[in-house]
Amino acid sequence: MRFKFLQEQNDTAIHIAFVGPMSGENAKVGQSMAQAIQLYLDSINKQGGINNQNLVLDIFDDQDDPYQATQMAENIVKQNLAVA
């Protein structure tokens, strides 16, 4: 399952992928991690981003399952969109 924040995405944005437990027993931990990352990216974007490109956080829910996390990471790499 993939989650996106309401930030508008465009072709010139720099994508950062985060895979974590966004649902299930440890959802609060994953959500807190995602919020912390988003706050940091927001602060960079307020300063003009990187080379005038905004950073976008792409969030993926692995349901705290290592197998799903591995599969998602492989899919993220295949998409070749996220730089980190």
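Biologist: What makes up the largest nonpolar core?

Modeller: Ten residues do, namely Ile14, Ile16, Phe18, Met22, Ala34, Leu41, Ile44, Leu55, Leu57 and Ile59; a nonpolar core is a set of buried Ala, Val, Leu, Ile, Met, Phe, Trp, Tyr and Cys residues joined through side-chain atoms within 4.5 Å. The elements giving two or more residues to this core are β2 (14–20), α1 (27–46) and β3 (55–61), where helices (H or I, at least four residues) and strands (E, at least two) are DSSP runs numbered from the N terminus. This is a predicted model, in which local features need pLDDT of at least 70 and side-chain atom pairs count only at pLDDT 80 or more, while totals for chains, interfaces and linings use all residues. Residues are numbered from 1 along each chain as its sequence is written, and side-chain values use heavy atoms, with hydrogens and water left out.

Biologist: Why are the buried residues of α1 placed on the same side of the helix?

Modeller: The buried residues (under 20% relative accessible area, against over 50% for exposed and partly exposed in between, with a 1.4 Å probe and protein chains only) are Ala27, Gly30, Ala34, Gln38, Leu41, Ile44 and Asn45. They cover an arc of only 115 degrees around the axis, so they lie on the same side of α1, the arc being that of the directions from the helix axis to the C-beta atoms. On the other side of α1, Lys28, Leu39, Tyr40 and Lys46 are exposed.

Biologist: What do the buried residues of α1 pack against?

Modeller: They pack against β2 and β3, with contact meaning heavy atoms within 4.5 Å.
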